[in-house]
Amino acid sequence: LTPSSGVATIPSDYLGYRRVTWTGNPNQELSYVVPSLWAMEWVPDNNGAITCVPQIFTIEGSNLRVKPSDDSALTFDYFQRTPALSVGLNWLYTNHPDAYLFGSLCEANAFNKGQAFTAASLWKQRRDEVFAEIQTLNFNENQGLAQRVMGSTP
């Protein structure tokens with residue numbers, strides 16, 4: 001991202017940030033501050049004076065703001081929103097056509113009340129297995145993460 005007066009527009013497929021890095025010399029990892037505290041934050045350097053190197057960022061709407069304000073490029077690592085399903089082939093149909101098959105059979109059998117109830121529950125179970133597989137395979141990057149705390153803690 002390239003900010004203008006310390007403000008950059010985040011991508012339209014943004015879901016959540018992972019890391020924001022100021023690409024000046026040397027690179028600086030920025031810390032997140034909630035928008036309600038943004039106006040009150042000032043960034044001291046080691047001697048207590050305000051530094052020119054961005055240290056913190058916040059996200060308000062579709063804007064990412066850095067403080068102190070700077071126009072240097074940022075590396076913005078973020079979670080992407082899953083693209084909307086549309087007519088034709090998409091990532092879900094390409095990688096998991098069985099999700100469509102089992103989901104359709106579940107709904108069709110549920111619509112046909114009475115004797116098809118056991119069949120509907122069978123297809124529902126198969127559909128849920130496919131959903132669990134998709135969750136495990138496609139969204140596994142969120143599992144097993146740890147949070148590292150720097151500095152003194154209470």
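**A hairpin and its neighbours**

Let me begin with a hairpin, which is formed by strand 5 and strand 6 with two residues between them, and in whose turn Gly 61 takes a positive phi of about 65°. I should say at once that this is a predicted model, so please hear every value that follows as computed from that prediction.

Staying with the hairpin, strand 5 covers residues 56–60 and runs antiparallel to strand 6, to which five bridges join it. One of the pairs that can be named here is Ile 56, whose bridge partner in strand 6 is Lys 67.

Now, which strand near the start of the numbering is also joined to strand 6? That is strand 1, residues 7–9, which runs antiparallel to strand 6, residues 63–67, and is connected to it by three bridges. Within this pairing, Ala 8 stands opposite Leu 64 of strand 6. Strand 6 therefore has bridges to strand 5 and to strand 1.

Stepping back to the chain as a whole, the secondary structure comes to four helices and seven strands, and, read from the N terminus, the elements follow the order β-β-β-β-α-β-β-β-α-α-α.

As for contacts, if we take those with a separation of 6 or more, 64% of them are between residues 24 or more positions apart. Of the 154 residues in the chain, 27% count as buried, while the accessible surface comes to about 10,700 Å², with 55% of it belonging to carbon and sulfur atoms.

Key
Residues are numbered from 1 along each chain as its sequence is written. This is a predicted model: local features need pLDDT of at least 70, side-chain atom pairs count only at pLDDT 80 or more; totals for chains, interfaces and linings use all residues. Side-chain values use heavy atoms; hydrogens and water are left out. Two strands pair if DSSP finds at least two bridges between them. Buried means under 20% relative accessible area, exposed over 50%, partly exposed in between (1.4 Å probe, protein chains only). Contact means heavy atoms within 4.5 Å. Accessible areas come from the Shrake-Rupley method with a 1.4 Å probe; for residues, only the protein chains shown count as cover.
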